[in-house]
Amino acid sequence: MLPRPNGVVTLLTDYGLRDPYVGILKGALLRSSPKVQWVDISHDVPAHDVATGSFLLHTLVGRFPSGTVHLAVVDPGVGTARRLLAVAAHDCYWLAPDNGLLAPMLAGDAAIDVRAIDVEHLGLHAESRTFHGRDLLGPVAAWLAAGRYGFSALGPRVHDPVRSEDPFAGVPRVVHVDRFGNLVTNVQAAAFAGARGLRIAGRDLPPHATYGEVAPGELLAYVGSFGLVEVARNGGSAAALLEVGRGASVELLPA
Amino acid sequence: MLPRPNGVVTLLTDYGLRDPYVGILKGALLRSSPKVQWVDISHDVPAHDVATGSFLLHTLVGRFPSGTVHLAVVDPGVGTARRLLAVAAHDCYWLAPDNGLLAPMLAGDAAIDVRAIDVEHLGLHAESRTFHGRDLLGPVAAWLAAGRYGFSALGPRVHDPVRSEDPFAGVPRVVHVDRFGNLVTNVQAAAFAGARGLRIAGRDLPPHATYGEVAPGELLAYVGSFGLVEVARNGGSAAALLEVGRGASVELLPA
Amino acid sequence: MLPRPNGVVTLLTDYGLRDPYVGILKGALLRSSPKVQWVDISHDVPAHDVATGSFLLHTLVGRFPSGTVHLAVVDPGVGTARRLLAVAAHDCYWLAPDNGLLAPMLAGDAAIDVRAIDVEHLGLHAESRTFHGRDLLGPVAAWLAAGRYGFSALGPRVHDPVRSEDPFAGVPRVVHVDRFGNLVTNVQAAAFAGARGLRIAGRDLPPHATYGEVAPGELLAYVGSFGLVEVARNGGSAAALLEVGRGASVELLPA
């Protein structure tokens with residue numbers, strides 16, 4: 001069943017905070033619905049980095065009230081014929097360009113409905129060829145959140161969205177490096193439960209529960225807040241110490 | 001006619017996000033009016049860079065609901081005798097120090113009314129000589145947005161605001177470099193319509209509509225989301241490739 | 001007397017704005033109380049730097065409406081046995097790990113009540129060992145702000161919170177460097193009133209009221225917006241010119 005929109009729109013973009021793009025996007029939300037409430041997730045997705053955007057979007061699953069509208073714009077193909085999608089999944093709504101950004105919502109059977117946004121039918125006009133967040137996705141997000149349009153009125157159902165690789169599938173590896181220098185892997189907590197530890201950059205790290213369990217400066221492998229195994233350093237950056245980054249291989253050590 | 005305030009205040013400053021200044025400014029808004037709603041435009045205007053602040057402020061014209069209060073603080077002369085201005089223009093209100101920051105609102109006949117804020121008459125006291133955003137402009141913005149004071153009650157009409165050069169006038173040039181490395185020029189869309197292209201750093205770039213029309217790595221000239229001609233690189237930074245920045249000359253190529 | 005909560009929660013963390021942690025924390029607030037209003041103070045506290053967090057928290061005293069809930073998370077000991085505290089002080093509420101972050105609220109007789117948050121009694125469960133902002137402190141902040149739980153229902157009174165050194169006590173020194181390169185000292189305005197000036201890095205600086213009183217490029221000492229003596233450079237960075245930073249000694253010059 002489709003969740004009832006709750007008036008909240010989250011924003012994930014690669015617009016950065018230095019330029020006025022995020023503020024102007026919020027102006028578009030306000031012009032479409034003065035009551036909308038927004039939550040900034042991040043605007044520092046590396047420019048045009050759809051895979052990182054996709055990972056960050058995934059971390060929002062289950063973290064917002066039912067019916068939240070999640071708007072994501074990382075859009076190297078802006079202004080070309082690529083579609084704009086609306087997906088109902090995980091008890092929320094997800095709006096983004098059809099470029100793989102929504103992979104986590106389209107994987108498995110999470111999506112209960114997928115629509116191609118029919119901007120003309122909704123009376124929208126892209127004033128610019130390069131700012132569809134402001135001109136198209138922002139207004140649609142605000143209208144959906146405010147209940148002006150129901151989800152199924154946004155456009156026709158589609159069955160062929162771009163399904164880029166699920167960022168959590170594939171060989172065990174680092175999928176994100178956070179500001180603390182923690183290395184987030186795609187190894188799920190369940191797989192780690194029975195393991196002797198994790199190997200990364202030639203080091204075998206036994207499982208721990210939290211930073212404080214190891215001495216300052218020491219590395220640890222633990223289940224992080226995303227439910228994924230992470231490698232951290234107590235009081236420092238694991239990424240800097242190990243000199244590894246996104247994509248680095250890891251190996252689960254069987255018991 | 002003066003627009004009816006709508007309770008929204010936008011914030012454009014050079015305070016940065018590392019220090020607590022922006023948060024404290026919002027505290028001042030809340031203490032003045034608990035119902036005020038704010039929108040961050042940018043707090044990363046380079047310190048004391050009035051010209052960049054002025055450009056960013058201009059990009060907000062037409063992008064917010066009627067009656068929005070736009071508060072801008074880039075204020076190298078804080079604490080000196082420079083006035084604080086309130087301008088009614090473009091169906092919104094604009095508050096800022098009288099140092100040229102409001103140039104885009106004062107150019108031509110956009111401004112329908114200009115006031116010097118009479119802080120004493122409003123019962124305000126600058127607790128600090130260096131944080132007039134918190135002590136003076138913030139409270140005035142919140143009161144104006146909430147309807148506690150009408151625009152004409154803010155202070156006497158003035159006819160001699162600082163009119164620094166309109167950032168869009170003058171020779172064709174780059175007026176802003178955004179986080180993607182796109183070079184925003186002061187060439188208006190209308191002028192570009194009849195042109196063969198744009199010359200920059202010795203290169204002639206034909207007009208295109210969007211990134212996707214050129215090959216990855218290629219440069220393009222196009223009308224950007226501000227209604228101004230921009231130079232971009234598909235999948236990269238035009239600024240880095242061309243090694244040019246703000247102030248760089250461009251030349252419109254006649255048909 | 002305990003202030004009446006006003007629905008506002010401020011957020012001060014070392015989570016950064018690049019990762020989704022701050023957005024997810026706000027999701028936790030919304031799931032706990034859809035009406036809560038938040039104010040970002042800073043999320044760029046250097047990772048695990050409790051002393052800087054403590055200074056920034058102190059700057060909020062008196063700057064928000066009565067009954068505001070201030071939530072601070074800089075938490076190198078997350079997941080260990082360290083307690084979570086709630087303090088009623090300065091007409092507001094302050095929630096943070098018991099690691100010294102709340103030193104300014106615990107100094108002198110500011111605190112009128114200190115509680116150890118009893119997460120089990122409140123029905124909370126730390127889903128993760130490393131994100132107590134999301135799992136524990138966020139929900140408690142939202143409930144307290146919304147009036148779902150009164151302050152004294154949060155847990156038992158404690159008398160032995162970690163009282164790290166008051167960041168404003170001790171020898172006169174630089175306690176913060178802001179984005180403008182201004183050097184904020186722990187010298188109070190009252191002490192400066194009778195002084196001939198401030199010595200820093202071998203230079204004697206007479207008191208001034210604001211930047212504009214000295215020539216461009218010149219240094220000045222003045223009472224800043226925090227009520228503390230600061231050293232600044234008109235149109236530049238005092239920190240860069242003097243090549244000093246946090247911890248640098250200063251000396252008050254007697255009249």
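## Helix packing, strands and chain symmetry

The crossing of α1(B) and α4(B) is right-handed, a label used when the near helix is turned clockwise from the far one by less than a right angle, with anticlockwise giving left-handed. Before going on, a word on the model: it is predicted, so local features need pLDDT of at least 70 and side-chain atom pairs count only at pLDDT 80 or more, while totals for chains, interfaces and linings use all residues. Residues are numbered from 1 along each chain as its sequence is written, chains are lettered from A and ligands numbered from 1 in the order in which they are written, and side-chain values use heavy atoms, leaving out hydrogens and water.

Back to the helices. Helix α1 of chain B spans residues 21-32 and helix α4 of chain B residues 132-146; their axes come within 8 Å and cross at roughly 45 degrees. Helices here are DSSP runs of H or I with at least four residues, strands are runs of E with at least two, and both are numbered from the N terminus. Axes are lines fitted to C-alpha atoms, for helices over the stretch in contact, with angles from 0 to 180 degrees between N-to-C directions. The crossing angle makes α1(B) oblique to α4(B); under 35 degrees would be roughly parallel, over 145 roughly antiparallel, and 65 to 115 roughly perpendicular, with the rest oblique.

Which residues of α1(B) meet α4(B)? They are B:I24, B:L25, B:A28, B:L29 and B:S32, and they face B:G133, B:R134, B:G138, B:P139, B:A142 and B:W143, where contact means heavy atoms within 4.5 Å. Seven residues of this contact are nonpolar, three polar and one charged.

Now to the strands. Chain A has an open sheet of four strands in the order β7-β8-β12-β11, with antiparallel pairing. Its edge strands, each pairing on one side only, are β7 (174-177) and β11 (219-223). From one strand to the next, the twist averages 30 degrees. Strands pair if DSSP finds at least two bridges between them, and three antiparallel pairs are set out here.

| Pair | Bridges | Bridge partners |
|---|---|---|
| β7(A) and β8(A) | three | A:V177 and A:L183 |
| β9(C) and β13(C) | five | C:I200 and C:V250 |
| β9(C) and β10(C) | three | C:L198 and C:L205 |

β9(C) and β10(C) form a hairpin with two residues between them, and C:A201 in the turn has a positive phi of about 50 degrees.

Finally, the chains. A rotation of 120 degrees with 0.0 Å of shift along its axis superposes chain C on chain A, with an RMSD of 0.0 Å. The two copies are therefore related as by a three-fold rotation axis.

Notes. Least-squares fit on C-alpha atoms with pLDDT ≥ 70 in both. Nonpolar A, V, L, I, M, F, W, Y, C, P; charged D, E, K, R; others polar.
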